[in-house]
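Today I sat down with a structure that is new to me. Here are my notes, in the order I looked things up.

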Amino acid sequence: MPHFDLTLLLTGQYRDWLLAGLRLSLELTAIALVLALPLAVAVALMRLSPVRLLRAIGLSFVEGIRNVPLLVHMLFWYFGAPELLPESLRQRLNEGNFEALSAIVALTLYTAAYMSEDIRSGVRAIPTVQLEAGRALGFGYLTNMRLIVLPQALRIIVPPLISQTLNLWKNTSIATVIGVGELMYQAAKVETASFRSAEAFSFATISYLSVSLIITGIAAWYQHRHPLRTA
Amino acid sequence: MIVLEQVNKWFGRYHALVDVSESVSKGELVVICGPSGSGKSTLLRILNRLEDIQSGRILIDGQDIYAPGLDLNRFRSYIGFVFQQFNLFPHLTALENCSLAPMRVHGLSRSAATTRAMELLERVGLADKAGAYPAELSGGQQQRVAIARALAMQPPLMLFDEPTSALDPEMVGEVLLVMRDLAHAGMTMVCVTHEMGFARDVADRILFMDAGQVLERASPAEFFQRPQHPRAQQFLADIRTPFAEKGI
Amino acid sequence: MKELIERYWVYFLVGQYPHGPLGGLALTLLLAASGLLLALPLGVLLGIARLSAYRWLRWPVTALVMTVRGTPLLMVVFWAYFFLPSVTGVRTNQFSTMLIALVVFDGAYLAEIVRAGILGVPKGQAEAARSLGLGVPGALRFVVLPQALRSMLPSLVNQFASSIKETSLGYIIGLQEVSFIASQINNLELTKPMPIYLMLAGTYFLLCFGLSRLAFWLDRSLGVARVSRAAAVRAT
């Protein structure tokens, strides 16, 4: 086995590739997160709605997405979805970065499905007696929500949401399959070009671990600052 | 049988046992009573090292239980411990609960262990429930199986940590009966209990504890009729007339 | 869509078998099941080690588990596929590579499930076992683990569903599991990607949704059994 030499990565083309990959992974994570959160809230509200049809739609969304692997989602949006689009739109998409777009759609939907469940659990965890207590004190519905339910629900919801963000970060690696040039793709590219699997993958592994550590650290900090206080 | 010399125990900064020096003779039944948080359970649990002490000595049958080279498991197997919550193993039948340790710790064959377990279940009056799982037994029955399980190891000493506190009132009697028979058969027993009737009728000696210290030691007659320490007097008064005006 | 099914259903289910290696849905299930079966003992060992009183055991294992959980599964697959052969000199095939990756990855996740399961057994059980002289290994073997594993059953079923989804990564290294087969079918047909990938998604959905319902039912029946027995006891 050739000597392990990380300096190979410190300059030149390989370093550029890997850094570009890391950057794209971070961008994918950020964009998908920003898009997934509101979608997750909407789906959670649908599942909590008194309207049966909305609940059914929410349930179908969540179960339909969660039970299919992310890889298949990516393949579907990249290969399958264009079939439904008119030719003109298809051409316009192909000129742009369609791979990244498909990846973002897949990641957003997948993450939103998981996040909506965490949000729903959080809201449901607030005992209805809390709402009743608020009403007994004379609070209206909105004030009740704002002062009593939401602050408590947020504390329950945020840790699992951070955990889902961690999963999102790791899931960006799957975009490799449709040719998105994120970190994993670039690491494999460096390996193919240089036959230095250890160095390339060490860089990727350390990058993934570092960001994972940061995200986990944020979770720990949040739980320290806002501990769950039960009655 | 048991000798405690200047035993001290802390939980963090909380001084749970303060300079405790006591002894228990062979064949004695000693009842430990006192208000909650007085350290009664802790005193019991240090005897089989479920909790450890920070200073002092404990000798059981002449053996220093903190001597290096002591086989802790073997030592524990010779002290029977009965818990307030019974702690029967839910995935095993009553018989299996009683035969597990004799087989795995004392190396008995399956048939010898089973025979011994059946004898003990008969002794506590539950031979017909040998094949039942703990979930199918009432609280009183579970506790009696727990006593049989402890006895299966043929211990010279039995410790009882509030054995009837978790039971519905009508089941307390059946457990106390088993304990009384055990005492009359000559077993050395130390019991933490709130059952004052049992203490008065069966105990040889009563230790009253408060705030980690043993404040009074007396025979049952002396303790219940002429308590010496003011805290003991207060304790007994609270038990007898719980709704009395304080200070009168 | 009907003709697609008629033409390719065998290929989809078993790949090129018997004219080639096993593939398709059969391979997916075989890989997921073997992976989980092998990962379970590893997970139990790691979970117990995570709870060990000995620091020299607890810290390295915790570090290992945390590292594996902080990296994507694909990273573990790539390490196994590209790096392992250069170190061991043995060139493993795609199936073995995926199996190794799954066992390591799922083992680390199972370690956490096992740890939670063990911590979920009431403390009094271990105390009673130790009071009888069983010691920590005896208490684990005869009292704590049997109860922990029973309570973990719904989680294990969910983990099996996850393993089935994880096998899809074999696509990237050319393993002929069901996603790869679907893409091959797409390459043959070229004009019908939507129904092909919909059917692929549907297949996973049926499997994983079914398993999650099973886990839910298991969880409920275990909990209900506990509650009804307790009620029966109180009634006597």
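Which chains have the most contacts between them, among the 2 pairs of chains that touch? I found that chains A and C do, where contact means heavy atoms within 4.5 Å. Chains A and B do not touch, and their nearest C-alpha atoms are 23 Å apart.

A note on the ground rules: this is a predicted model, in which local features need pLDDT of at least 70, side-chain atom pairs count only at pLDDT 80 or more, and totals for chains, interfaces and linings use all residues. Residues are numbered from 1 along each chain as its sequence is written, chains are lettered from A and ligands numbered from 1 in the order in which they are written, and side-chain values use heavy atoms, with hydrogens and water left out.

Next I turned to helix 6 of chain B (helices are DSSP runs of H or I, at least four residues, and strands are runs of E, at least two, numbered from the N terminus). Its buried residues (under 20% relative accessible area, with exposed over 50% and partly exposed in between, 1.4 Å probe, protein chains only) include Met171(B), Val175(B) and Leu182(B). They lie on the same side of helix 6, because they cover an arc of only 155° around the axis, taken from the directions from the helix axis to the C-beta atoms. The face turned away from that side carries the exposed Glu170(B) and His184(B).

Last, I looked up Thr164(B), in the loop between strand 7 and helix 6 of chain B. Thr164(B) counts as buried because its relative accessibility is 4%. Among the residues that Thr164(B) touches are Val172(B) and Glu195(B).

Conventions
Lists of a residue's contacts leave out its neighbours within four places in sequence.
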